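Thank you all for making the time this morning. I would like to walk you through one model, taking it piece by piece, and I will begin with a term that we need before we look at any single residue.

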Amino acid sequence: MSVPRFWRELDTRYNLIGSYCKITKTYHYPRRSFNPEAGRESIDSMKDYQFKGTGEVVSSTVVHQAQTGYEMFGPYCIAIIKLDEGPKITTQIVDCEPEHVKPGMKVKSVFRKLGEDSESGILHYGTKFILNEPEEAINSNDEDISNIEV
Amino acid sequence: MREVSVIGVGITKFGELWDKSLRQLGLETGLAAIKDAGITSKDIDALYIGNMAAGSTLQQEHVSALMADYCGLAAQNIPATRVEAASASGGLAIRQAYMAIAGGFIDIAVVGGAEKMTDVSDSESSYTVSMGSDEQWESKAGATFASLHAMIAQSHMHEYGTTREEMSAVSEKNHYHASMNPMAQFPFAISTEAVSNSGMVSSPLRMLDCAPNSDGAAAIVLCATEKAKKYKKKAVKIIGSGQASDTLSLHHRKKLNQMPAIKIAAKRAFKSCGKKPSDLDLVEIHDNFTISEIIALEEIGIFKRGKAASRILKGDTKLGGKIPVNTSGGLKARGHAPGATGIAQIIELVQQLRGEAGERQVKGAKIGMAENHGGTAATAVVHILEGE
């Protein structure tokens with residue numbers, strides 16, 4: 001991905017910054033300057049909001065044929081999770097056996113490497129999720145993987 | 001508004017067509033369609049091209065002018081328009097031409113769809129297909145196109161008890177139909193066990209739940225019905241057309257196991273001709289994954305929500321059953337060349353409604369529907385056709 005394209009979403013990706021609409025009192029992720037439910041009135045009523053990074057699994061799958069750039073993870077778990085504030089997002093769930101992830105499980109966010117453009121290209125970081133009650137950490141010996149909770 | 005008829009069709013075999021370029025495929029089907037219609041290039045008022053991915057797979061945009069040029073229409077400076085809505089590009093191109101003719105702007109249009117998916121590696125073509133979803137917030141998070149449909153399937157199984165065997169029955173049925181379609185990419189039958197035991201792609205979806213990424217092209221000639229008599233004895237009328245959109249990302253939908261854009265597009269198409277689901281004699285469905293066919297049949301209203309899968313397993317959607325679905329073999333077995341798929345569906349309906357479908361003919365077919373969607377149904381296009 002081009003540098004500016006990733007750079008302008010850094011806050012959203014690194015810190016789970018989305019938007020809060022003061023009119024409908026609802027939360028949105030990723031960041032929006034306009035809430036479709038509230039219409040044009042919402043344009044000046046959206047403020048940045050940092051999500052707590054907690055939520056639960058709505059649906060999940062174990063990906064055996066990996067997405068481009070994710071080949072090193074396979075098989076891995078992709079899930080749609082519902083954040084406690086309301087919005088749903090698509091994310092990877094890590095540090096567990098991917099088959100163990102089930103709807104209703106509680107998850108929390110972690111800061112992780114997403115991928116890299118090439119060996120000499122820029123690295124992409126962002127948010128992934130782990131189970132609230134983690135299994136034995138699979139990647140604890142891998143020094144390349146940071147493990148900073150947001 | 002004027003009535004619009006399909007007066008000519010042309011299609012290539014779908015598959016790995018390594019010896020043929022996009023422009024060659026477009027030319028072959030375009031010529032076949034105008035020959036079938038009995039018109040000449042001078043009769044054509046406009047060209048509409050359905051193409052999803054030439055920019056990604058061939059580094060070629062401006063496919064409309066390319067096609068017009070290589071089909072010999074540049075000399076007459078024909079208006080040529082490319083339409084893109086991921087895998088719904090073909091269906092949507094038809095709708096644009098339909099509206100232009102119905103609105104009285106033109107009398108005759110050729111609508112062609114063409115796609116080259118196998119000039120690039122499997123991983124590149126898979127990524128290209130996932131561009132029909134939200135590249136930034138789905139694909140870049142590691143979600144493949146199959147994985148999004150896997151979550152749709154998981155949600156459907158969870159809520160309605162849809163089973164592995166029922167999903168396999170979709171593929172088994174479509175392959176059975178394709179075994180009677182000489183233009184199909186996979187013209188052979190497979191068993192439900194073979195589907196259930198094929199390699200895992202993204203749980204619960206297995207390889208034989210997924211449509212291929214194919215090369216292929218298809219073209220039709222649309223004509224104002226009032227002028228159609230002059231060209232073709234067996235014109236097939238487009239009596240209904242509907243289109244709808246939805247959130248681009250699956251995760252922004254209220255329910256993961258529904259595709260409301262299909263429901264609304266179908267409703268609009270039914271409304272435009274005063275028909276209802278029980279009036280349909282056959283249906284072509286966008287079965288990019290087995291679960292999509294199950295959900296689409298529920299959205300259109302052919303079966304109640306949660307009931308389609310068991311009816312498919314029972315054989316109700318097989319040739320000779322209550323309502324044959326995907327007699328062409330569908331995306332799964334006829335093949336799926338995104339820009340051409342929506343047009344190939346219409347061609348199957350036309351052949352059926354003309355009574356020219358050979359071995360796979362639905363007896364007495366009079367009214368058929370085609371449902372074509374893009375991404376995880378963020379665009380849906382539905383057409384209803386009636387034979388004479």
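A residue is called buried if 20 or more other C-beta atoms lie within 10 Å of its own, exposed if 12 or fewer do, and partly exposed in between, with the C-beta atoms placed from the backbone. Please keep in mind throughout that this is a predicted model.

With that in hand, let me turn to backbone geometry. As a reminder, most residues other than glycine have a negative phi, and most peptide bonds are trans. B:Asn77, which is not a glycine, has a positive phi of about 50 degrees, and this residue sits in the loop of chain B between helix H3 (63-70) and strand E3 (80-83). Is B:Asn77 buried or exposed? Because 8 other C-beta atoms lie within 10 Å of its own, B:Asn77 is exposed.

B:Asn326 also has a positive phi, in this case near 60 degrees, and its place is the loop between helix H12 (308-314) and helix H13 (330-333) of chain B. Here the surroundings are another matter: B:Asn326 has 27 C-beta neighbours inside 10 Å, and therefore counts as buried.

Next, the cis peptide bonds. In chain A, the bond from A:Tyr29 to A:Pro30 is cis, with omega near -5 degrees, and A:Pro30 belongs to the loop that runs between E2 and strand E3 (46-50) of that chain. In chain B, a cis peptide bond joins B:Ser203 and B:Pro204, where omega is about 5 degrees, and B:Pro204 is in the loop between strand E5 (200-202) and strand E6 (205-206).

Let me stay with chain A for a moment, and with its division into domains. Domain 1 covers 17-50 and domain 2 covers 54-149. Between them, 5 residues of domain 1 are in contact with 5 residues of domain 2. On the domain 1 side of that contact, the largest share, 3 residues, comes from strand E2 (residues 26-28) of chain A, and the residues on this side divide into 2 nonpolar, 3 polar and no charged.

Now to the contact between the two chains. How many residues does each chain give to it? Chain B contributes 26 residues and chain A contributes 22 residues. On the chain B side, the elements that give two or more residues are helix H5 (122-130), helix H6 (145-160) and E5, and the largest share, 7 residues, comes from H6(B). By character, the chain B side divides into 11 nonpolar, 13 polar and 2 charged residues.

I would like to finish inside chain B. The largest nonpolar core has 157 residues, and the members that touch the most other members are B:Leu47, B:Ala109, B:Val111, B:Ile220 and B:Val221. Helix H14 (residues 338-354) of chain B gives the most to this core, with 8 residues. If we take B:Ile220 and leave aside its neighbours within four places in sequence, its contacts include B:Val6, B:Val9, B:Ala33 and B:Val111, together with B:Ile343, B:Ile346 and B:Ile347.

One last residue, B:Ile239, is found in strand E8 (residues 236-245) of chain B. Because 18 other C-beta atoms lie within 10 Å, B:Ile239 is partly exposed. Its C-alpha atom is separated by 6.5 Å from that of B:Glu386, although the two residues are 147 residues apart along the chain. Beyond its neighbours within four places in sequence, B:Ile239 is in contact with B:Cys273, B:Ile384, B:Leu385 and B:Glu386.

How values were computed:
Residues are numbered from 1 along each chain as its sequence is written. Chains are lettered from A and ligands numbered from 1 in the order in which they are written. This is a predicted model: local features need pLDDT of at least 70, side-chain atom pairs count only at pLDDT 80 or more; totals for chains, interfaces and linings use all residues. Domain bounds come from an automatic or database domain assignment. Two residues are in contact if their C-beta atoms, placed from the backbone, lie within 7 Å. Helices (H or I, at least four residues) and strands (E, at least two) are DSSP runs, numbered from the N terminus. Ala, Val, Leu, Ile, Met, Phe, Trp, Tyr, Cys and Pro count as nonpolar, Asp, Glu, Lys and Arg as charged, and the others, Gly among them, as polar. A nonpolar core is a set of buried Ala, Val, Leu, Ile, Met, Phe, Trp, Tyr and Cys residues joined through C-beta atoms within 7 Å.
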